[in-house]
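Please open the model in a viewer and keep the selection panel at hand. The tour proceeds by selection, one stop at a time.

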Amino acid sequence: MNLHEYQGKELFAKFGLPVSKNKVITSADDVVKACREIGGNKWVVKAQVHAGGRGKAGGVKLVSSTEEGIEFANHWLGKRLITYQTDSNGQLVNSILVEECTDIAKELYLSAVIDRGSQRIVFIGSSEGGVNIEEVAENTPEKIIYEPIDPLTGPMGFQSRKISKVLGLEGEQSKQFTKMLPQLTDLFITHDLSLLEINPLVITQGGKLHCLDAKINIDSNAIYRQPEIQAMHDPSQEDPRESEAALNDLSYVSLDGNIGCMVNGAGLAMGTMDTIKYFGGSPANFLDVGGTATQERVSKAFKLILADPEVKVVLVNIFGGIVRCDLIAEGILAAIEEVGVSIPVVVRLEGNNADIGSNILAESSAEIVSLNSLEDAAKKAVELSK
Amino acid sequence: MSILVDKNTRLLVQGFTGSQATLHSEQSLEYGTNIVGGVTPGKGGQTHLGVPVFNSVHEAVEAVQPNASIIFVPAQFCKDSILEAADAGIKLIICITEGVPTLDMLIVKKRVDELGITLIGPNCPGIITPGEAKLGIMPGSIHLQGSVGIISRSGTLTYEAVKQTSDLGLGQSTCVGIGGDPIPGTSFIDVLKMMESDNQTKAIVMVGEIGGTAEEEAAEYIKDNISKPVISYIAGQTAPPGKRMGHAGAIIAGGKGTAADKIKKLEECGVHIAENLLKIGTKTKEVLG
């Protein structure tokens with residue numbers, strides 16, 4: 001699960017990290033009040049969406065009057081912001097963060113992730129902050145430090161000093177960073193993060209470290225024990241079909257093709273998509289119905305697939321492990337009747353009682369093509385999609 | 001011979017009386033697996049599926065001497081259950097449960113490594129040595145005792161590889177589902193090492209998928225350490241680029257992780273590629289000659 005910048009900054013502040021004075025607004029009417037409360041005569045206004053690249057897309061602006069702020073709010077609230085990290089529909093702007101203006105002397109990069117290789121939380125830092133961090137990684141990898149944290153000891157002072165050196169911090173800044181590193185680690189562990197990114201972490205004109213952005217992702221497996229984070233969930237930032245799927249414990253990703261796919265298991269779902277492409281077709285989605293493909297789940301899955309108007313044929317590929325294929329076949333028939341499927345459905349059942357399952361489908365009146373091999377089923381689905 | 005499990009394996013089931021554990025334990029017993037006991041706190045003293053139930057792993061260890069444990073408890077209790085089995089001295093632990101928090105696994109993995117324990121999973125189908133023992137949720141009927149070792153990150157995709165090698169009469173020595181989580185207890189390399197020194201295994205099928213760099217690391221290891229033929233299929237060749245996880249994820253992967261990258265690396269390291277899911281069996285047969 002992702003958080004908005006303003007939610008990330010709330011967490012930063014809670015853990016003692018330096019963030020700008022700010023207010024979140026959801027209406028242009030609140031701009032003047034927000035600016036007055038923050039004080040000063042220059043503010044930064046930032047559209048809140050779950051995507052990076054906002055600055056380049058016009059979603060971040062420095063304003064020197066409340067009128068300019070109102071204009072920005074009127075322009076963006078309720079509109080969709082398209083950046084290089086979003087799809088072509090962009091993300092809906094529901095709120096705007098108004099911040100005190102920070103005088104920047106230098107921009108740095110700092111993040112923490114769970115690294116699969118070292119099986120540790122790893123801090124990544126670079127003296128080259130701002131928007132081009134990927135290029136830095138590609139062209140000048142020596143300007144980036146990767147520092148793993150031992151779960152037994154937590155972050156140590158010497159590690160802060162190592163990172164400080166690469167970031168180019170001096171004197172007081174280095175001391176400030178030595179205080180920040182344990183706070184960031186504490187935040188990461190307390191809230192089960194999978195990613196924490198500050199880009200940029202800046203040195204102000206006054207020589208202090210300051211978190212100018214906050215990107216936070218939370219481990220979806222741990223959401224159950226994070227009530228505070230659950231309350232921050234913003235469904236408007238997600239694909240409605242994908243959120244609907246998630247609510248039903250289905251894993252769904254919408255794609256560009258016209259062959260709807262329903263498969264049990266993520267690996268086999270990807271393998272099925274590969275097979276469709278191999279025979280010249282194009283999958284409309286990735287959909288994992290999970291290990292136990294019950295009638296209820298199969299119905300929900302059909303509804304999701306058919307909500308996509310591009311879909312011309314549905315390919316169901318179930319490898320019945322422990323679940324009996326005859327039960328799955330009955331589930332498919334009931335689901336087809338319940339949902340009212342009017343396009344061809346190709347079904348491949350394999351595993352326990354696959355023969356009985358295929359017979360049940362063959363004898364039904366529904367428009368179903370039942371085939372035993374994945375090769376035949378994929379070829380048939382491709383043929384019907386043309 | 002085989003690896004990790006055989007007919008001498010004495011299995012303990014943690015979370016024994018729950019519905020999933022009951023269903024799969026019945027199937028395992030039917031397959032001939034020697035389940036010596038189960039654990040459900042508060043239900044000690046009962047008998048379930050004809051097997052004694054204990055309140056703790058320690059009590060079970062004292063009474064029935066299990067040498068492997070399989071875990072079906074809900075995700076939020078897996079850390080506790082794995083560490084309990086570890087503390088009680090069990091050296092092979094299989095965690096089937098899906099959805100274990102990554103930070104829990106960070107701690108668990110460090111601890112099991114210190115204690116020299118083999119942890120398989122979480123979020124995996126388990127291990128089977130066909131004809132001997134089934135410690136997991138895979139359908140026993142598709143397996144055939146034979147010469148191909150199978151290692152996979154994905155459950156149903158493993159079954160596909162199993163079915164194909166069975167249909168061609170090759171059969172399997174042992175199949176290990178290592179699970180698809182970011183921090184698995186056992187890696188491809190750990191299992192490759194075991195299969196290299198197993199006499200029954202003549203060829204190794206490694207089923208991978210996009211994301212992470214486990215396949216690339218395995219490829220490097222295979223090049224220098226594995227003399228047996230390795231056949232690999234990578235799922236997700238047509239998957240669109242994953243949803244971006246900010247800059248950090250992209251950087252730490254070092255540009256790796258796509259199916260094309262993985263296949264290129266595996267080929268460079270002498271691994272035989274099954275270009276399509278349908279060809280895992282035939283490719284293996286072709287390589288074995």
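The stops below take one chain as a whole and then a group of strands in another. Please note that this is a predicted model.

**Stop 1: chain B as a whole.** Select chain B and display it as a cartoon; 10 helices and 14 strands are present. The radius of gyration of chain B is 19 Å, close to the 19 Å given by the globule rule for 289 residues, so chain B is as compact as a globular protein of that length. Viewed along the principal axes, the C-alpha atoms of chain B occupy a box of roughly 55 × 45 × 30 Å.

**Stop 2: interior and surface of chain B.** Colour chain B by burial: 58% of its 289 residues are buried. Among the contacts in chain B with a separation of 6 or more, 73% are between residues 24 or more positions apart. Then show the accessible surface of chain B, which amounts to about 10500 Å², with 50% belonging to carbon and sulfur atoms. Next, select the charged side chains of chain B, 24 positive and 30 negative; the centres of the two sets are 3 Å apart.

**Stop 3: strand β17 of chain A.** Move to chain A and select residues 345-351, strand β17(A). Is this strand mostly covered or uncovered? It is mostly covered, with 7 of its 7 residues buried.

**Stop 4: the partners of β17(A).** Add residues 313-320 of chain A, strand β16, which pairs with β17(A) in the parallel sense over 7 bridges. Here L315(A) stands opposite V346(A) of β17(A). Finally, add strand β18 of chain A, residues 368-371, which pairs with β17(A) in the parallel sense over 4 bridges. At this pairing, V345(A) stands opposite I368(A) of β18(A).

Technical notes:
Residues are numbered from 1 along each chain as its sequence is written. Chains are lettered from A and ligands numbered from 1 in the order in which they are written. This is a predicted model: local features need pLDDT of at least 70, side-chain atom pairs count only at pLDDT 80 or more; totals for chains, interfaces and linings use all residues. Side-chain values use heavy atoms; hydrogens and water are left out. Helices (H or I, at least four residues) and strands (E, at least two) are DSSP runs, numbered from the N terminus. The radius of gyration is taken over C-alpha atoms; the globule rule is 2.2 Å times the number of residues to the power 0.38. Buried means under 20% relative accessible area, exposed over 50%, partly exposed in between (1.4 Å probe, protein chains only). Contact means heavy atoms within 4.5 Å. Accessible areas come from the Shrake-Rupley method with a 1.4 Å probe; for residues, only the protein chains shown count as cover. Lys and Arg count as positive and Asp and Glu as negative; His and the chain ends are not counted. The place of a charge is taken as NZ of Lys, CZ of Arg, CG of Asp or CD of Glu. Two strands pair if DSSP finds at least two bridges between them.
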